[in-house]
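Please open the structure in your viewer and keep the selection tool at hand. The tour below goes from one selection to the next and says, at each stop, what is to be found there.

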Amino acid sequence: MTILLLILTILPLVCSIAIKVAFIPASEGIAISGAHIFFTIDLPFGGLPITESQVNSWAVLLSLFFLCLFLTHGMKTKNIGVRQIIAEFIVEKVEGLVRSSMGEMFMGFGPFIAAIMGLSAMTSLQSLLGLYPATSDLNVVSGWAILVFILITYYKMKAGPLYYLKGFTEPIPVMTPMNIIGEIATPVSMALRHYGNVISGFVISILIGTALSGASSLIFGWLPGALGGYLLRIGLPAIFSIYFDLFSGCLQAFIFAMLTMNYVSSAFPADEYFRRKALKKARLEAKNIK
Amino acid sequence: MNNLDVISLNIWQILISLANLAILFFLFKRFLFKPVKEILAKRESEIQAEYDKAEKATDEANEIKASWEEKMKTADDKADEIIKNAVEKADRRSEVMLYESREKAESIIRKAKAEAERDKRDAQETIKQEIVGVSAAISEKIIGREINMDDHKDLIDSFIDNMEEA
Amino acid sequence: MLEIAIGIILSGCALGAGIAMLAGIGPGIGEGNAVASACEAIGRQPEAKGEVTSTMILGCALAETTGLYALVIAFLLIFLAPGRFVNILLEAVGK
């Protein structure tokens with residue numbers, strides 16, 4: 001059972017590598033482009049292209065799902081194994097992070113923060129497997145940023161829609177357009193930050209790879225066959241990918257999660273919300289007394 | 001063109017990735033956080049139960065210890081009393097014995113004294129007899145004739161008495 | 001004539017992309033300031049290292065945003081703008 005779940009965890013990633021090898025032609029030279037389109041489903045607003053980034057993010061989704069099952073199946077209260085220690089460590093760490101930066105009221109955000117971190121880090125780290133990192137597709141990170149924006153707006157509306165609308169005219173009514181732009185800038189900057197960081201690493205990786213292959217064919221061009229063009233590309237790009245893929249990917253996942261927590265918890269008008277709650281309670285009690 | 005542009009936006013793709021994140025949120029909530037929290041709560045309750053049990057056991061042990069201490073204390077008192085009684089008894093007996101022994105010693109001494117007195121008297125008597133005998137013999141020899149013992153008895157006796165007095 | 005016009009468009013896009021990336025100076029200076037202050041703070045209060053580091057990373061990420069806007073503009077100018085502008089030119093010429 002354990003082995004089966006471990007295999008199921010790895011299988012989606014292997015499948016996405018297999019799909020890449022089978023369906024995507026190898027590109028020659030400098031090719032900085034978006035995700036490969038497998039096919040397009042006809043829908044209004046431009047149709048739905050099923051792309052490499054979506055397939056990769058679904059693979060990560062499945063992989064994380066099976067990882068959860070792998071970590072949590074057969075848990076005990078005594079004599080715990082390594083898998084349970086890891087699962088408890090993840091949960092406790094995430095809960096501690098949420099508690100320290102959002103407060104006790106937002107403890108329900110634990111799974112959401114864990115989901116953001118897991119999905120973001122795993123999709124960024126997919127580039128270590130030679131896959132197209134899904135986070136370097138603007139659509140993917142925009143979706144996440146829009147979900148965060150929905151959450152922010154929801155928590156701003158907790159103290160009533162009118163209070164939320166009044167918040168736009170806060171210092172002076174003239175500032176309303178600026179406030180609206182500032183409101184929209186939040187998801188845009190979140191999406192662009194994540195996308196820009198990952199794709200800049202991706203582009204630099206491609207440039208380094210191309211440059212190394214050019215230098216290799218210049219220096220070792222006298223070697224027989226295609227060996228000359230690949231000699232410098234063995235191992236050296238991995239050193240750069242330690243920063244651009246491993247460090248930057250994990251860092252961006254952390255930053256995205258931290259920003260989500262900060263934005264959501266600061267969007268919640270706690271004072272007004274509790275004042276209204278107390279007021280409502282008092283009114284209800286007065287009605288009951290009557 | 002079989003690839004997306006580097007920067008492209010498509011409403012359906014955005015919705016799909018939004019749904020992906022939401023689905024992953026529910027998956028994590030259902031399959032990672034819920035079981036782990038359940039197991040943590042279970043463990044906590046178990047530990048609490050263990051603590052309660054341990055506390056109960058400690059209380060019981062303390063109770064037993066207190067009762068034993070009480071018992072020990074009374075036992076100590078009893079032992080003290082017994083020892084005291086024994087010491088008293090021993091003291092008394094030793095006094096009695098001492099007295100008795102002293103008595104015995106005194107009686108022995110008295111008896112010895114009496115015996116010695118008697119012996120002395122006996123000895124005096126014998127010596128007196130012998131002296132009488134001896135002096136009669138000597139006088140006989142000196143005088144050259146037989147002295148009638150009965151005649152001279154009074155004489156000799158008075159002599160000896162004078163000697164004794166002297 | 002048309003070739004020259006297209007050449008001007010392409011060179012303009014490439015130049016624009018390069019100039020847009022001048023915005024990378026700002027985040028560089030800003031993040032340098034942030035990291036310098038963070039180092040100072042850690043030197044003054046080594047026990048607050050974890051908190052200072054995470055706050056610094058968050059601040060750096062916020063400061064980086066303008067640079068990434070520039071990056072996105074540069075990408076647009078390199079990958080999207082030439083095709084659009086050439087199409088507009090061809091339509092205007094009537095071909």
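## First stop: chain C

Select chain C and colour its buried residues, which make up 13% of the 95 residues in this chain. Please keep in mind throughout the tour that you are looking at a predicted model.

Now switch to a cartoon view of chain C, where you will find three helices and zero strands, so that the pattern read along the sequence is simply α-α-α. The radius of gyration of chain C is 21 Å, which is well over the 12 Å given by the globule rule for 95 residues, and chain C is therefore more spread out than a compact globule. If you turn the chain along its principal axes, its C-alpha trace spans about 70 × 15 × 10 Å. Of the contacts in chain C between residues at least 6 apart in sequence, 84% join residues that are at least 24 apart.

Next, select Ile29(C), which lies in helix α2 of chain C, residues 25–44. Is Ile29(C) buried or exposed? Ile29(C) counts as exposed, because it has 11 C-beta neighbours inside 10 Å, and the cut-off for an exposed residue is 12 or fewer. Add Ala63(C) to the selection and draw a distance between the two C-alpha atoms: they are separated by 9.6 Å, although the two residues are 34 apart along the chain.

## Second stop: where chains A and C meet

Show chain A together with chain C, and select the places where they touch: nine residues of chain A are in contact with nine residues of chain C. On the side of chain A, helices α7 (176–219) and α9 (236–267) each supply at least two of these residues, and the largest share, six residues, comes from α7(A). Coloured by class, this side of chain A has four nonpolar, four polar and one charged residues.

## Third stop: chain A as a whole

Hide chain C and look at chain A alone, which has 10 helices and two strands. Following chain A from the N terminus, you meet one helix, then the two strands, and after them the remaining helices, in the order α-β-β-α-α-α-α-α-α-α-α-α. Its C-alpha atoms fill a box of roughly 95 × 60 × 40 Å along the principal axes, and its radius of gyration is 24 Å, where a compact globule of 290 residues would have a value near 19 Å. Buried residues make up 35% of the 290 residues in chain A. Among its contacts between residues at least 6 apart in sequence, 69% join residues at least 24 apart.

## Fourth stop: the hairpin of chain A

Select residues 37–41 of chain A, which form strand β1, together with strand β2(A); the two run antiparallel and are joined by four bridges. Two pairs are worth labelling: Thr40(A) has Pro49(A) as its bridge partner in β2(A), and Ile41(A) has Leu48(A). Between the strands of this hairpin there are six residues, and Phe45(A) takes a positive phi near 60 degrees.

Which side chains of β2(A), residues 48–51, point to the buried face? Show the side chains and you will see that they alternate, with Pro49(A) and Thr51(A) buried on one face, while Leu48(A) and Ile50(A) point to the other face and are not buried. In β1(A), by comparison, the count of buried residues among its five residues is zero, and this strand is hardly covered.

## Fifth stop: helix α2 of chain A

Move on to residues 52–72 of chain A, helix α2, whose 21 residues reach 30 Å from the first C-alpha to the last, close to the expected 30 Å. Of these 21 residues, 18 are buried, so α2(A) is largely enclosed by the rest of the structure. Just after α2(A), select Gly74(A), which takes a positive phi of about 65 degrees.

## Last stop: chain B

Finally, bring in chain B and select its helix α1, residues 11–143, which has 133 residues and reaches 187 Å between its first and last C-alpha, close to the expected 198 Å. Centre the view on Lys29(B), where α1(B) has a kink of about 35 degrees. This helix is hardly covered, with 13 buried residues among its 133.

To end the tour, show chain A again: 36 residues of chain B are in contact with 40 residues of chain A, and the chain B side of this meeting place divides into 24 nonpolar, seven polar and five charged residues.

How values were computed: Residues are numbered from 1 along each chain as its sequence is written. Chains are lettered from A and ligands numbered from 1 in the order in which they are written. This is a predicted model: local features need pLDDT of at least 70, side-chain atom pairs count only at pLDDT 80 or more; totals for chains, interfaces and linings use all residues. Two residues are in contact if their C-beta atoms, placed from the backbone, lie within 7 Å. Ala, Val, Leu, Ile, Met, Phe, Trp, Tyr, Cys and Pro count as nonpolar, Asp, Glu, Lys and Arg as charged, and the others, Gly among them, as polar. The radius of gyration is taken over C-alpha atoms; the globule rule is 2.2 Å times the number of residues to the power 0.38. A residue is buried if 20 or more other C-beta atoms lie within 10 Å of its own, exposed if 12 or fewer, and partly exposed in between; C-beta atoms are placed from the backbone. Two strands pair if DSSP finds at least two bridges between them. The expected span of a helix is 1.5 Å times one less than its number of residues. The bend at a residue is the angle between axes fitted to the seven residues ending there and the seven starting there.
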